[in-house]
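Colleague: Could you take me through one part of this model in close detail, following a single stretch of chain and the contacts that its side chains make? Please also say how each term is used.

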Amino acid sequence: MRFPMILILLAMAMQCAAQGTLTVEVELNKPQQGGTVRMAVCMGEEAYDAEKGCLIAFGKAVGDVVRLELKDVPEGRYAIKAFHDVNDNGEMDFNWMGIPQEPYGFSNNASATMSAPKFEQAAFMVRKGPNVTRFRMKG
């Protein structure tokens, strides 16, 4: 009976050890507009493309840089899609041609041309322990 319990405790310890803290620093290009920075932190290409199963984080847009901290993030490859919701309506606003009307950004400062950049362009690794990624808003 003792052996299975040891295996369970070992598995739990390994799972806890395989998590990190992710600090995301977002440089605002329009800090004076206030509002909220909203982001999807997506593990893997499938989650990134569908924006499903992603960690969601948001924080008030105060100052030139907004820092958001996510704890207990499993190790893996992630990519971030973010926008500065200046009017705090909870969604990205577009004009009639589909062009974003609010600032947006992606991890690795990946460039968007006519659509969001590919996962590979925005991907970065989260490892156990502290992790920091930083990018700028555009638009």
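Modeller: The answer below sets the scene, then follows strand β2 and its partners, and ends with places elsewhere for contrast.

This is a predicted model, in which local features need pLDDT of at least 70 and side-chain atom pairs count only at pLDDT 80 or more, while totals for chains, interfaces and linings use all residues. Residues are numbered from 1 along each chain as its sequence is written, and side-chain values use heavy atoms, with hydrogens and water left out.

The protein chain holds 3 helices and 8 strands, which are DSSP runs numbered from the N terminus, helices being H or I over at least four residues and strands E over at least two. Read from the N terminus, the order of these elements is α-β-β-α-β-β-β-β-α-β-β. Of its 139 residues, 37% count as buried; buried means under 20% relative accessible area, exposed means over 50%, and partly exposed lies in between, using a 1.4 Å probe and protein chains only.

Strand β2 covers residues 36-43, and two of its residues, R38 and C42, deserve a close look, R38 for its salt bridges and C42 for its disulfide. A salt bridge here is a side-chain nitrogen of Lys or Arg within 4 Å of a carboxyl oxygen of Asp or Glu. Side chains of opposite charge can pair when their charged atoms come close.

R38 is bridged to D85, with 2.8 Å between the closest N and O atoms. Since R38 belongs to strand β2 and D85 to strand β5 (residues 76-85), this pair ties together parts of the chain that are 47 residues apart in sequence. The two partners differ in their cover, for D85 has 0% relative accessibility and therefore counts as buried, whereas R38, with a relative accessible area of 21%, is partly exposed.

R38 also forms a salt bridge with D88, and here the closest N and O atoms are 3.7 Å apart. D88 sits in the loop between β5 and β6 (104-106), so this second bridge joins parts that are 50 residues apart in sequence. At 35% relative accessibility, D88 counts as partly exposed, and its backbone has a positive phi of about 50° although D88 is not a glycine. The loop that holds D88 also holds W96, which counts as exposed because its relative accessibility is 79%.

Further along strand β2 comes C42, which forms a disulfide with C54, their sulfur atoms lying 2.2 Å apart; a disulfide is taken as a pair of cysteine sulfur atoms within 2.5 Å. The pair links distant parts of the chain, 12 residues apart, since C42 is in the strand and C54 is in the loop between α2 (45-50) and β3 (55-60). The torsion about the S-S bond is about 100°, so the disulfide is right-handed. Both C42 and C54 are buried, and theirs is the 1 disulfide that the structure holds.

Strand β2 also has a part in the largest pocket, for β2, β5 and β6 are the elements that give two or more residues to its lining. A pocket is an open set of points on a 1 Å grid over the protein atoms alone, where a 1.4 Å probe fits and protein lies on both sides within 12 Å along at least five of seven lines, and lining residues have an atom within 4 Å of a point. The volume of the largest pocket is about 580 Å³, a volume being the space filled by probe spheres set on the points, which are joined across faces, edges and corners. It has 22 lining residues, of which M92, F94, P100, F106 and A116 are the closest to the pocket centre.

For contrast, other charged pairs lie away from this strand. The structure holds 9 salt bridges, and one of them brings E27 and R134 together at 2.9 Å, N to O. E27 is in strand β1 (residues 19-27) and R134 in strand β8 (residues 129-136), 107 residues apart. E27 is partly exposed at 26% relative accessibility, and R134, at 36%, is partly exposed as well. This pair is part of a network of salt bridges that links E25, E27, R67 and R134.

A positive phi outside glycine is also found at M114, where the value is near 70°. M114 is in the loop between β6 and α3, and with a relative accessible area of 86% this residue is exposed.
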